[in-house]
Each structure stands twice: as structure tokens, then as C-alpha cells.
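Welcome, and please have your viewer open. What follows is a short guided tour, from whole chains down to a single residue.

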Amino acid sequence: MRKNRKKNGYQGLLFLLPSLLGVGIFVLTPYLDVVRRSFTSAIGQNFTGLENYRKIFENTAFQLACSNTLRFVAVCIPLLLLLSLLLALLLQRLGKKGQWFKQCFLFPMAIPVASVVLLWRILFDRHGMVNALLNDVGFAGRDWMNSSSAFGVLVFSYIWKNLGYDIVLMLAGLSSISTDIYEAARVDGAGEWRIFHSITLPNLLPSLYTITVLSLLNSFKVFREAYLVAGNYPDDSMYLLQHLFNNWFRELSMDKMAAGAVVMTLVIFLVVLILTKTWGKEGHGDGT
Amino acid sequence: MRTYKKKSIGILLAGILAALSVTGCGSPKGGTSPDSAARSGEKVSNTSQAMGRYLEEELPLPEGLDEVQDLILLDDGSYEIAGCNNSTMQYLRYKMTDGASWTDVGVPEAINSGELNANGESLTLCLAPAGDILVTASSYDEEQGSLTETFTYFDPQGQKQLLDIQVPQDKNPGNNVYKARFTQSGQLFVQDYGRVNYEIDKATGAILKTYDADGADILLSAPAGNRWVIVTADQVLCYDISTGEELPKDSVLSQQIMERKESLGDSSGSSEGILFAGDQKDGLFYCDRRGIYYHAAGGSVCEQMVDGQLVSLSNPTTMLQKLLKSEDDSFLVEAVDENMVCRLLKYTYSADTPAVPATELKVYSLEDHTFLRQAINQFQHVNPDIYVNLEIGVTGKDAVTREDALRTLNTDILAGNGPDVLILDGMPLNSYIEKNMLLDISDILQKIRETDGVFENVANTFQKDEKVYAIPAKFAVPIIVGDADTAASGSTLKAFADRAEAMRAKDGEKNVYERIDEKILLQELFAADSAGWLQEDGSISEVELQNYLTQAKRIYGTNSHEGEDASNSYTYDTFQEYTSDSISNYILDTVLGGSQCAFGLLSSMQSYATVTSATDSKPDAGFTMGLFGGEVNSHSFVPSEIVGISSTTGEEKAARSFIQTMLSSDTATSGSYTFSTNKKAYENAKVQPWGDDEGNVGGYSVSSQDGTQLEFMIRWPSQEHMDQLTKMLESLNRPCINDGIILDIVLEQGGAYLKGEQSLEDTSKTILQKMNLYLAE
């Protein structure tokens, strides 16, 4: 038996090996080079110790980008989780009748980035539809993308694009909870809130862990729309870490970029670790 | 057995997956020059040195021959050249048999006796391989507005005969013969103004055959051996000149020629764009700036014989005229340089010379520059053992933006494949200096200073801590042209805005300056004003920025913008356009009465000639010129062609030598006479390059707004004008902001403000926010 398990494990490793090699060569090795560059000068010729880390923490642009990114994540992730959970519960209640609504929520994911950008421009440009509507009802328009409203537009765009995806994941998590538990709870006289609080949420935690991590990673992709609409230097409210890294790359500030990337990796790693410890422990993140 | 089978399948599948995952590895090395990719055989590694290539040698022109009219290969294999001595107005003919010197063989007596040009006609000689000559005598009747041509044919024995050559007039009244040529077999062809070619009977002048490409638009045509080649807008047609029949279409040749759109675009009165020559085996040779190529009849490839990059052919100021191929497989190219002086370039194969020079020097520029290509050509000429590989970041032929190009460049630098020399226009120069990306080249500057002299304030623009990291080879200066009060008001933007409003109030009908859209206006004013924006801490001064925007709006408001269509508005697409001359375009509108003054960048002597001619043409109006923008007693300039050496270079010695060549007076003088940081080159550029003894160098004949024809003659600036210019250039001391990012931010927001779409506070706030974010990074 042990021998069989060893053989299966050996074969499994063989199948994993190409992928592992690929990740090792194209992801891990370059990342190690990034870590190395975070301790050297811009073109990697001189060792500078922690100087690059000191520079980035003193850099006002980095501070702004970090605060905007953290603010964005702190606003978007909880909002997205809450909305997707509520809508998933609703869709689960509707059953087959909710199928059409599910498609509608998934539709934004299929829209290419360029089309989304075009939509933004049509809606939020100085001469866009939103301003036209506001003018019609007697309000003054504003330059949405060059004012503090830009942050709201960014949040809206992120949630609109990713809501469907999270709803589907939530539905998968909800459907994995055995209906027997619900029946037993109802028989025992539990109310809706009690059922939700004591049965649905705890059983959903492993899925929530996965969804949160995925949503966190997806939050960085919103840079694409922001960059295409507002360019390298958008309004301060939507100046994210990716903007900074993109600009640093253009300016050959590889030292600062590497240091910033390492810091960002550590922060994300820490967040994922905390999530794993708190939510991921329950059923090891696989819904069981 | 079954387990063994499963294991084998498992291992096999794993192996396939592993193989598939590594097959996508490796990408072609990015960043090779499109021109270098045209070289046959691509790059050969230095470890296995291929030998043999064509070397260039310039043959001397015959003494006394000022204007070359024709050059041919005679039947006996020697070269024959004919033309005119402009001083004595004698027509001359020479022959070269030894490959080195010319022998005067004379022309038929009737040519120089005055018999053919008794009424002052100009004569053009056309030579045939057997020794016959066709002389075209042309005279232009100004009253009638018509050109009269007579054709005299001299056979090899010198017997003269008048030919009555008449080209069809039905489709094009007033059509005439544009030029005449003999083929290698002695047939006479003439080309009319529509570029249709006719084979002419040498006995009677009658048209024997017509080559009109079935009515297609002909770009150029030429004889090539026993073929007549016609290039239209979309294909290459070849005709057998013995029968007049069209030969089967050659798709390979067509494709190769059609790809040379830039060369086809060169076809004009003074250049052929692409030259053709034939060989005895029905093959075809063609020549353009990329080099000389051979295509065998029916072949599937076009082989590069001579790499244009390594010889003078790639010099953008060289205008190609004719290609001859000798029996010994050498080539002779007749070309004309920017001074309209003929050059004879001979290419001979040397089997002992490496096919590719052992040393490669990589030069990178975001945009293509004529001056840069000249410098490369000059450098290669003197250093044949070094191959200069020019890479252009933004070619305009694809969707690559300036930022994409910079990222690609930075990736190459980090990978250790970066260039040796950087042309830093439009690049984050200050960032490169901070990161020690550029070497100190103050020693090169010192050498130039000692030998030729420099405009110190321009040369030291990028000096930091006693070191010079980049040197602008050229510069431009914002000027204003108008009456004395207007020229004086150019000292500050506010003063000019006040003056512009006063001019508009006085003459409400006429625009103050030529109609340009808001972004172009902002660019011109940016060049004049931005020098004073940067504060000591590196941030942008809000006061200066608001002043700039306020005055720009006032100036914008003094012109009528009725009927302006935003979709048709023109903006500078490239950074090079932003730093190039603009005043010579705007001043014409002022001379024609369309506007009251003109302002823009002055960057060349030719442009200065236009400006001084304009001011001299309005003595009553008291037109004069002054520096524009900046502050009182402090004057702006726009540095361009900024060169530096990458600190990661592996060819430092060659790089330094290249920069020295680029900044030298010889290189800096040639070309379009742009203002050079090299003082000696600047002084050389003061010499009148062409025109007559009275100083006339050109002119314009245009219709004014009321339909009257206006002639505007351009005269070379007088010594007084030159002294005024020198004094002006020596007073320059403030470089404008040379950063494309800042310029883009200003234009994006400033344009909206000028059009009234947002307030001054919002505009300056947004600009400052973006700029300070950029500077904070």
C-alpha cells in the first residue's frame, strides 16, 4: 500500500515537474533577481544595502501610491464580498429563475478592457454622457477623471467587473453546504438570521478565503483601465502602486522599483498568511 | 506488465509536457535596426569572420566641370561625363579609361560655338555609349508662359541633325520633354512631364514606342540593361526595349521595391529615389539609401551587394542620380550632395576586407534625425572598421509609442544589450544622469572647445558637478518678428500679450499671428517661457505656470478661431518636430498680409534668410526681429540632438570618437545649416550655399488672399544681419524644459483652458498635481 502511494506520488511529481520548472525559471528566478536589485543601484552595478528601501519610504509618490492602493483594497474587497454574498444568497433563493440574472452579472467579465475604457470615456469625460445628463437637469458637470471622483469611478469599475466572478464562487461555496444541516436547523426552530450566522457563514469561510485572495489579486488589474483612461499621471486619488512602478520602469529606476516590489510582496504575503490562519484553517480552504 | 506500461506512458507524457513548456523560450533579439535587417546574410558572429565586401572610393570630378549633365558607360568599358563650366559657360566632355583620371575629349564644335543657343537657351547634353550626343536647347518665354525645346542629335562621327520630337499634348496641354536618356544599346528615350517615356527614332525624332504603364501613375522609370523599368504606385513593370513588349511580372522585385516607400518618396527633380542598372544576364541592379541590390531574372531573392549603412549611400543629404555597373563588377553612383555638388562614388569589391566590420557601435535614438544619419555616415567613412548600428525607437511605421520604446530600451539596458551612444531628445535625461547612466564627456567638449569653439551656455546645458553628461549638438531659439514695438514686446510673455491685444484692437480684421491651433500655440510659448519654471527644489513654480497659462489665453484670444475643426487640427507628433524650425512657415503668412507678426523657433541659416528677407521686404512697416520669451535680459533656447554615452557601453573609445565626430565642425556644418553648438560649424554655415552673386537663394511665388500673385525673394542674410544673429545667439542662457512628459501634461490641460473648457485654477492645479507627482517620483 505504502509502495503504491509512493509510486503514485512519484508519477504525480513527474507531471508537476514541467510546470514547476516553468514557474521556477520564469517566475521565481526573475523574482530572486528583483530581490537582488532591491539592494543594488539602478543598473545593478553597485551594492547599496538598504538605501533603496529608505528612499522609497521617504518618497512622497510611493507614500501616495501605497495609501491609495491600501484605501482601494480596504474599500473594494469588503464591499465586493458583501455584495457578492448578498446577491449569491438571493440567486440561490431564486433557483432556476435566477439563471438569467447570473448571466447578466457575468457579462462585464467578458467585455475587453479597451471597450471598458471607451465606456468610461463616453460616460465620464468632460464632454461625456454623465455631464450631459447633469447639465440637462441643471447641475454643473465636472471632470470626473481629473478630480477626487476618479476614485469612486475606479471602485465602481472594479466592482462592476468582478462582481459576477465572485457571485459564481460564492454560489459554488453555498451549494457545497449540505441542505441537511439547514433542514435540521429549521426543525430545531432556528430563524433565518441564526441559520445564516451559525451555519452559512462558518461553512462558507474556506470559500471566502479563496474569494478574498482572488479578489485581492484582481484588484491590481484595475490599473489597466485606470492607465488607459487617465495615463501615467492620473488624479492623485487614483494614483496606484502600479502607476508608480510603470513610471519607474520608464525612468530606469529599477532600484526603487525592485524595493517597492519586494515590500509589496511581503505585505501581500502577510495578508494571505493572516487569511490562511483565520479563514483558511477551516477545512483547509477546500470547502470540506 | 500493466504497471510498467502505465509508468512508461506517464513518463512519456511528462516528457512531452516538459518539451512543450520550453519550446516557447527565447525571443528574437529586439531592437535591431530595420535597415540592418536588410543586409544579406544578417550578422555574422565575430568568431567566424566572413570576408569580402564592396569598398567606397570617391572619384574626382574633371577639372572645370561645375555642373554634371550626364554620365555613362561607353561600349569600351570606360566612363564618359559631360556638363558645363558655369564660369565660362563652356560645355565639356571627359572620358576615364584608367579608373582614376579624366581626359578631355571635347564636344562637337557647334555646341560651344553658340550655334545651338544663339538666343541664350540653356543646353543639356545627353550621352550615348557609342559616342553620339543629344543636345536639348531650352528657352522659357515668360510672356507666353511656355517652354520651347529644340533637339540636336550628333552621331558618333559628329554629324549634326535637328530632331523634331513632339510629345503628345492631348491629355496634358503644354506637355514637354522633361529629360532624355540613351540606353546601353544606344536607343534614345525621352520622358515627358507625366513621366511617360517614348522611344525616339534618332533619324527623324518620331515616336517609335510609348511606355505609359497603361495609364498608371508612374513614380519613376529608368533603363536597366535591355529592359525599361517603370515603378508605379503599386508595382514594378519591366519592358523589353528591343520589342517594346511587357515582360512577365516579377512579384519578388515588385515587393522589394514597394517596400522602399521612403526611397520612392525621394523621387523628385533633384533625386531619382531608386536607381536601376542591368547586366548581360538579364539581372537587375537597384540602388537606394539602403544599398545596392541584385535581382536575377525570375529569382526569388534580392541580394544586397553593397550595404548602404557602411557607405555614403545612407547619407540622407545625398541625392542619387545614376547607377552604372561595369564589366569588372564595380559600380559607379552619380549623386549630388546638399550643396548641389556632384559626387562620383565608386564601389569595388575587396575580397580581403571583412564582410562586416569587427567592431559594432550601437546608437539609439527615439526618433530618426537627418543630422544623426549624416554623422553616422561621416563617422563610417573615416572608420570603416566600425559598424554603426542605428536603432530608432519610434519609427512611426508601427504602433510603438515613446513610452513603449523607452521600456524596450530600458529592458535592453538591464539585460546588458543596451546601446553605446544615446541621442537623448525626448528621453528622461535627468533621470539617467541621477542614476549614473551616462559617462562624463567633458573631455570631448574641451577638445571641441579648443579646436572649434562652442556656444558655452548651450554646450554646458547638462553640466552637473563640474561634469558634462550630455551635449546638445544643435539648438533652436524662439524669436518674434514684427514691427519694432512688437519685436521689443517679445522680452516677456506678458508684454507680448499686451501688445497682441493692442494690435488686435487696432486692426480687428487681421489675425495677430498665423492661425494655429491651441496646442501648437502652447508648444511655441512653452519653448519661449518654460525655462524659468523650475524652482531650486526641483518643483514647478505655480506663479510662473499660471502666468504662462494666463498670457497664453490672452494671446490665443487675439486671433479668430472661426471655422477651426478640432479633427483637422495639427499637432506635433514627434519631439523632433517640437524642437524644429517653425518661424519660416509662419513668417510667410505675415509677409503675405495674413497676420501682423510671427513667432516661433528659428533653427537654421536658411530659415534666418527667410526671416531677414521678410523683415527687409517691409521697410515701411519697420519690421524687425527679436528674441521671444524668457525674462528681460535672459533668453531661452531649445537644445536638440543631445548626445551622451551610456555607462554600460562596451565600446567606450568608439563611442567617444563618434560623439566627437558628431560635434565636429565638418559634420555639424553639413546638412540643413541648423544652428550648431560648434562655433566653427556655425561660422561655416554663414557662407551662402547656393544662388547668385546678388545673394538670391530662392523665393516663393504665391497667391495672396485677394488672389494677386506675390513674389517673395529670399536673399542670403547680409553681414549686418549675421552679426545681429551671432549677438543674439551668444546672449542665450536659459534652456527651456526639455522633458516630453511635462510638455504632454501642459498641452493636455492647457488646451482645455485655452478653449474655455476649464478655469485657470483647475487647470493650473491639475497641471501642478501631475507635474509634481512626476517630479516626486
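The report below starts with the two chains and their contact, then moves to strands, a helix and one serine.

**The two chains**

Please keep in mind that this is a predicted model. Chain A is built from helices: there are twelve of them and zero strands. Reading from the N terminus, its elements therefore run as an unbroken series of α, with the pattern α-α-α-α-α-α-α-α-α-α-α-α. The C-alpha atoms of chain A fill a box of roughly 75 × 65 × 30 Å along the principal axes. Chain B has a mixed make-up, with 22 helices and 35 strands.

The table puts some chain values side by side.

| Chain | Residues | Buried | Share of contacts with a separation of 6 or more that join residues 24 or more apart |
|---|---|---|---|
| Chain A | 288 residues | 27% | 73% |
| Chain B | 777 residues | 44% | 62% |

Chain B is also divided into two domains: domain 1 covers 51-60 + 212-354, and domain 2 covers 473-776. Their C-alpha centres are 40 Å apart.

**Where the chains meet**

How many residues does each chain bring to the contact? Chain B gives 28 residues and chain A gives 27 residues. On the chain B side, four helices each supply at least two residues: helix H1 (2-23), helix H6 (402-414), helix H7 (429-434) and helix H22 (760-776). By character, the residues on this side of chain B comprise 14 nonpolar, eight polar and six charged.

**A set of paired strands in chain B**

A good place to begin is strand S24 (residues 359-365) of chain B, where five of the seven residues are buried. S24(B) has a parallel partner in strand S25 (residues 386-392) of chain B, with seven bridges between them. In that pairing, Thr359(B) has Ile386(B) of S25(B) as its bridge partner. Between these two strands the chain passes through helix H5 (residues 370-382) of chain B, and the resulting β-α-β crossover is right-handed.

S24(B) also pairs with strand S26 (residues 421-423) of chain B, again in the parallel sense, over three bridges. Here Val363(B) finds its bridge partner in Val421(B) of S26(B).

From S26(B) the pairing leads on to strand S32 (residues 635-645) of chain B, this time antiparallel and over three bridges. Leu422(B) is matched there with Gly644(B) of S32(B).

Why can S32(B) be called largely enclosed by the rest of the structure? Eleven of its eleven residues are buried, so the surrounding structure largely encloses the strand. Besides S26(B), its partners include strand S29 (residues 471-482) of chain B, which runs antiparallel to S32(B) and is joined to it by five bridges. In this pair, Phe475(B) has Pro639(B) of S32(B) as its bridge partner. Strand S35 (residues 732-735) of chain B pairs with S32(B) in the parallel sense over three bridges. Phe637(B) and Pro735(B) are bridge partners across that pair, with Pro735(B) in S35(B).

Following the pairings gives a simple route to trace on screen: S25(B) to S24(B), S24(B) to S26(B), S26(B) to S32(B), and from S32(B) to S29(B) or to S35(B).

**A mostly covered helix**

Helix H16 of chain B spans residues 605-617, which is 13 residues. From first to last C-alpha it reaches 18 Å, close to the 18 Å expected at 1.5 Å a residue. H16(B) is mostly covered, with ten of its 13 residues buried. Among the buried residues are Met605(B), Tyr608(B) and Val611(B), along with Ser607(B), Thr610(B) and Ser613(B).

**Zooming in on Ser582(B)**

Finally, look for Ser582(B), which sits in the loop between helix H14 (575-578) and helix H15 (583-591) of chain B. Is Ser582(B) buried or exposed? It has 26 C-beta neighbours inside 10 Å, so Ser582(B) counts as buried; the cut-off for that label is 20 or more. Setting aside neighbours within four places in sequence, Ser582(B) is in contact with Glu524(B), Gly600(B) and Leu601(B). As a longer ruler across chain B, the C-alpha atoms of Ser582(B) and Thr148(B) are 39 Å apart in space, and the two residues are 434 apart in sequence.

Conventions:
Residues are numbered from 1 along each chain as its sequence is written. Chains are lettered from A and ligands numbered from 1 in the order in which they are written. This is a predicted model: local features need pLDDT of at least 70, side-chain atom pairs count only at pLDDT 80 or more; totals for chains, interfaces and linings use all residues. A residue is buried if 20 or more other C-beta atoms lie within 10 Å of its own, exposed if 12 or fewer, and partly exposed in between; C-beta atoms are placed from the backbone. Two residues are in contact if their C-beta atoms, placed from the backbone, lie within 7 Å. Ala, Val, Leu, Ile, Met, Phe, Trp, Tyr, Cys and Pro count as nonpolar, Asp, Glu, Lys and Arg as charged, and the others, Gly among them, as polar. The expected span of a helix is 1.5 Å times one less than its number of residues. Domain bounds come from an automatic or database domain assignment. Two strands pair if DSSP finds at least two bridges between them. A crossover is right-handed if, with the strands pointing away from the viewer, the path from the first strand over the helix to the second runs clockwise.
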